[in-house]
Amino acid sequence: MVQRVIAQSEAAFLKARQLMPGGVSSPVRAFKAVGGNPLFIREGEGCTLIDLDGNQYIDYIGGYGPLIAGHANERVVAALSKAIGRGTTYGCCCEAEVELASVIVGALPAVQMVRFVNSGTEAVMSAVRLARAATGRDLIVKCLGGYHGHSDGLLAAAGSGALTLGIPSSPGVPASAAANTVLAAYNDLEGTKELFEKYGDRIAAFLVEPVAGNMGVVPPATGYLRLLRQLCDQYGALLIFDEVMTGFRVAWGGAQERFHVRPDLTCLGKVIGGGLPVGAYGGSKALMEQIAPSGPVYQAGTLSGNPLAMAGGVATLEILREPGAYETLEEAGRLLEEGLAHAAAEADVAVTIHRVGSMLSVFFTAAAGSQVQNLEQAQGCDTEAFAIFFNSMLQQGVCLAPSMFEAWFISLAHSPDIIERTVDAAERAMAQLSRRNPQ
Ligand code: PLP
């Protein structure tokens with residue numbers, strides 16, 4: 001295998017490190033868990049990333065989720081080009097907000113009204129404030145390994161980069177903020193019942209990623225989401241689905257459609273901005289009208305409902321609304337899952353692969369098919385094996401997120417031919433792993 005030349009990327013990273021903490025704008029981009037330097041990208045096209053040195057990679061980072069239509073999709077680019085010629089922000093309302101809101105409300109069963117913000121972090125932070133105001137209670141339950149952005153109270157036992165870097169509960173979070181967060185194990189039906197028995201009358205909301213995506217992809221156990229709905233109803237708490245990752249990703253109507261459970265509040269981000277900074281939260285009219293200026297719960301944003309972000313979102317959702325889009329994603333996901341499982345089995349490497357639609361994770365487990373249902377089991381997986389696999393894939397021109405705890409994202413640009421090339425690379429990467437662990 002010819003070694004990649006990455007001289008320009010390395011020079012850029014050296015400079016970046018002098019100017020920005022760790023040389024990155026978000027810690028998930030660092031390569032601490034896998035070794036080496038972060039990629040510096042010049043350009044994205046379809047399912048391909050091109051770095052500063054001209055190396056090309058089949059991309060499964062997908063911008064960490066938004067790029068379900070691929071990089072620089074021509075319809076998204078055309079919509080953005082048209083929008084940018086009309087200015088970048090107005091500080092006034094624009095039609096594109098109403099257009100995107102109308103698509104979201106039409107798609108998500110539990111959303112009658114929506115408020116746009118600028119990130120997933122803001123969406124969840126604001127939904128939590130609304131839940132507290134609506135119930136007059138303070139406690140929020142979140143799952144161990146769930147990631148809901150970096151707001152103070154939600155950085156308790158958080159997933160994603162916090163988990164990868166081993167700092168799931170950050171210094172700088174006041175004890176008073178964390179004191180209102182109660183932790184539950186994801187997929188633990190009995191434990192969750194007990195938790196409600198203990199704290200039920202103080203819980204404002206149970207906040208959950210309906211498909212966990214930040215400790216690797218972990219689907220909900222049978223009956224888990226329904227149980228959460230039932231417990232919230234029984235104890236007068238709100239159920240918040242953080243669909244920042246799953247919204248418009250696992251189905252047109254998100255996880256709430258796929259698993260037939262309706263939350264009270266839904267948080268969105270990623271796909272609904274087509275790669276531009278965006279977030280949103282929504283729910284019933286009765287709840288959402290408690291938000292200012294209709295109601296007293298304050299939440300605002302200089303750039304919220306930004307015309308470019310709205311145009312990127314509308315164009316992306318138009319592509320997804322076309323007949324066959326989710327079937328295409330499902331089929332690409334199935335091909336990849338089967339190919340990866342076959343590659344691992346051939347090399348006798350133990351993995352557990354989880355996939356929900358176009359989100360996928362490969363956990364390097366002690367035995368093939370071992371259960372990975374929660375954070376503890378995810379953390380028990382072999383991160384060193386992942387690092388070897390990751391680096392072999394990268395060297396072969398396949399770019400994964402640099403952590404076993406981040407999802408692989410498939411886009412409409414990942415054709416069967418691209419999946420086949422990925423699986424070929426995975427066969428070689430698995431063989432390399434197998435040589436490390438002779439049976
Ligand atoms: N919620 C979930 C489920 C996420 O995956 C993320 C980000 O990865 C967030 C919230 C935070 O979104 P953002 O990074 O846009 O603030």
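In this predicted model, strands E11, E12 and E14 form an open sheet, in that order, with antiparallel pairing. Strand E11 (351-356) and strand E14 (408-409) are the edge strands, each pairing on one side only. Strands of a sheet pair through backbone hydrogen bonds, in either a parallel or an antiparallel sense. E11 and E12 run antiparallel and are joined by six bridges; Val356 has Met359 of E12 as its bridge partner. The two strands form a hairpin with two residues between them. Gly357, in the turn of this hairpin, has a positive phi of about 60 degrees. On the other pairing, strand E12 (residues 359-364) is antiparallel to E14 over two bridges, and Leu360 has Trp408 of E14 as its bridge partner.

Strand E12 is largely enclosed by the rest of the structure, because six of its six residues are buried. In a regular strand the side chains alternate between the two faces of the sheet. For E12, both faces are covered: Met359, Ser361 and Phe363 are buried on one side, and Leu360, Val362 and Phe364 are buried on the other. Phe364 also belongs to an aromatic cluster, in which ring pairs link it with Phe31, Tyr60, Phe386, Phe389, Phe390 and Trp408. Trp408, the bridge partner of Leu360, is thus named both in the sheet and in this cluster.

The structure holds ten aromatic pairs. A pair of aromatic rings is described by the distance of the centres and the angle of the planes. Tyr186 and Tyr224 form an edge-to-face pair, with 5.2 Å from centre to centre and 75 degrees between the planes. This pair links distant parts of the chain, 38 residues apart. Tyr186 lies in the loop between strand E6 (181-184) and helix H7 (189-199), whereas Tyr224 is in helix H8 (residues 224-235). Tyr186 is buried, with a relative accessible area of 2%, and Tyr224 counts as buried at 0% relative accessibility.

Phe196 and Phe206 form a stacked pair, with centres 6.1 Å apart and an angle of 15 degrees between the planes. Because Phe196 lies in helix H7 and Phe206 in strand E7 (residues 203-208), the pair ties together parts that are ten residues apart in sequence. Both phenylalanines, Phe196 and Phe206, are buried.

The ligand is surrounded by Ser119, Gly120, Thr121, Tyr147, His148, Gly149, Glu209, Asn214, Asp242, Val244, Met245 and Lys270. By class, this shell has three nonpolar, six polar and three charged residues. Oxygen atoms of the ligand lie at short listed distances from N or O atoms of several shell residues, including Gly120, whose backbone N or O atom is 2.9 Å from a ligand oxygen. For Thr121, an N or O atom in the side chain is 2.5 Å from an oxygen atom of the ligand. The side chain of Lys270 likewise places an N or O atom 2.8 Å from a ligand oxygen. Taken alone, the ligand exposes 390 Å², and the protein buries 82% of that area.

Definitions and conventions
Residues are numbered from 1 along each chain as its sequence is written. This is a predicted model: local features need pLDDT of at least 70, side-chain atom pairs count only at pLDDT 80 or more; totals for chains, interfaces and linings use all residues. Side-chain values use heavy atoms; hydrogens and water are left out. Rings of Phe, Tyr and Trp (its six-membered ring) pair if their centres lie within 6.5 Å; planes under 30 degrees apart count as stacked, over 60 as edge-to-face and the rest as tilted. Helices (H or I, at least four residues) and strands (E, at least two) are DSSP runs, numbered from the N terminus. Buried means under 20% relative accessible area, exposed over 50%, partly exposed in between (1.4 Å probe, protein chains only). A residue is near a molecule or strand if one of its heavy atoms lies within 4 Å of it. A polar contact is a pair of N or O atoms within 3.5 Å; within protein, one must be able to donate a hydrogen and the other to accept it, and residues adjacent in sequence count only if both atoms are side-chain atoms. Accessible areas come from the Shrake-Rupley method with a 1.4 Å probe; for residues, only the protein chains shown count as cover. Ala, Val, Leu, Ile, Met, Phe, Trp, Tyr, Cys and Pro count as nonpolar, Asp, Glu, Lys and Arg as charged, and the others, Gly among them, as polar. Two strands pair if DSSP finds at least two bridges between them.
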